[in-house]
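The following exercises invite the reader to examine a protein model residue by residue. Each task is followed by a worked solution.

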Amino acid sequence: ASAVNLHPHRMHVAGGSADYEFNTGNPWVDGTVLRAESAVTTGDVYYEGNLGNPVDVTHWGFLGAFDRQMLGDYLEKPIFFSFQYWQDWVLRRNNKCACGGNENKFQDVAYQGSPAGFRGMYKSLSTLYMDKTWMTADILDSSLSVVYDWQFQDWWIQPHTSYRISDRTTVGLGFNIFAGSRQTPYGEFTNSSNVFFEFHQSLL
């Protein structure tokens with residue numbers, strides 16, 4: 001005989017966001033938008049240590065960013081630029097950890113049984129996104145997306161180009177480039193860097 005006793009697990013999140021666009025009369029500053037988002041989560045579940053027992057934690061997340069249209073005075077079509085910094089900080093545990101070693105280390109995206117895949121109490125990422133359109137009616141679009149993990153020092157880079165043949169048909173070409181060690185969130189895919197093709201057709 002067996003039985004399952006289910007109990008709801010409740011998390012609480014409190015946070016907020018704000019943004020501000022500069023208008024100072026300085027052309028190098030005006031149009032820049034600062035963004036910030038922050039939240040504290042209590043009752044979340046992280047897996048800590050070699051044994052991976054679930055731990056009830058309180059953690060704080062923060063994202064800071066700035067966005068801007070760049071080189072509009074020099075190019076017919078400006079470049080959109082966006083940079084973000086994100087962090088997650090475990091403030092406290094709400095229950096005891098039977099970690100089996102590596103206390104204060106939490107299993108991250110790339111964890112496969114080795115300490116190389118642990119993250120610490122503090123984790124941070126940065127992202128970069130740039131986009132520029134070309135030609136009449138912006139039928140050609142090029143973009144670059146980059147993710148960098150500060151703890152693991154690995155990268156995910158994605159250049160992409162698309163061409164709009166008509167209002168209903170678009171083709172694209174892009175690359176996924178991964179760099180880093182063998183057991184990190186993005187570096188584990190180093191040998192899986194790839195090129196991809198896209199074809200979009202609207203039927204209605």
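**Exercise 1.** With the side chain of which residue does the side chain of D88 make a polar contact at 2.6 Å? Determine also whether D88 is buried or exposed.

*Solution.* The model is a predicted one.
Step 1. Locate the residue: D88 lies in strand β4, which covers residues 79-93.
Step 2. Examine its side chain: the polar contact at 2.6 Å is made with the side chain of H59. A polar contact with the side chain of Y46, at 3.1 Å, is also present.
Step 3. Consider the wider surroundings. Leaving aside neighbours within four places in sequence, D88 is in contact with Y46 and H59, and also with W60, G61, R119, M121, Y122 and K123.
Step 4. Classify the residue: the relative accessibility of D88 is 3%, and buried means under 20%, so D88 counts as buried.

**Exercise 2.** Identify the residues of the largest nonpolar core, and state which residues C97 contacts beyond its neighbours within four places in sequence.

*Solution.* Step 1. The largest nonpolar core has seven residues in all: Y46, V55, V57, V90, C97, C99 and F106.
Step 2. Beyond its neighbours within four places in sequence, C97 is in contact with E48 and V55. V55 is itself listed in this core.
Step 3. A general tendency may be recalled here: in soluble globular proteins, nonpolar side chains tend to be buried together.

**Exercise 3.** Classify Q158 and S124 as buried, partly exposed or exposed, and describe the contacts of Q158.

*Solution.* Step 1. Q158 is found in strand β9, residues 154-164, whereas S124 lies in strand β7, residues 122-134.
Step 2. The relative accessibility of Q158 is 23%; the buried class ends at 20% and the exposed class begins over 50%, so Q158 counts as partly exposed. S124, with a relative accessible area of 6%, is buried.
Step 3. Leaving aside neighbours within four places in sequence, Q158 is in contact with S143, L144, S145, F175, N176 and F196. With N176 there is a polar contact between the side chains, at 2.8 Å.

**Exercise 4.** What is the volume of the largest pocket, and how do its lining residues divide by character?

*Solution.* Step 1. The volume is about 200 Å³.
Step 2. The lining consists of P27, W28, D30, R68, Q69, M70, L71, G72, D73 and Y74.
Step 3. These lining residues divide into five nonpolar, two polar and three charged.

Terms used:
Residues numbered from 1 in each chain as written. Predicted model: local features only at pLDDT ≥ 70, side-chain atom pairs only at ≥ 80, totals over all residues. Heavy atoms only, no water. Helix = DSSP H or I, 4+ residues; strand = E, 2+ residues; numbered from the N terminus. Buried < 20%, exposed > 50% of the residue type's maximum accessible area, 1.4 Å probe, protein only. Contact = heavy atoms within 4.5 Å. Polar contact = N/O pair within 3.5 Å; in protein donor to acceptor, adjacent residues only side chain to side chain. 1 Å grid on protein atoms, 1.4 Å probe; cavity = no way out; pocket = protein on both sides within 12 Å on 5 of 7 lines; lining within 4 Å. Points joined across faces, edges and corners; volume = space filled by probe spheres on them. Nonpolar A, V, L, I, M, F, W, Y, C, P; charged D, E, K, R; others polar. Core = buried A, V, L, I, M, F, W, Y, C linked by side-chain atoms within 4.5 Å.
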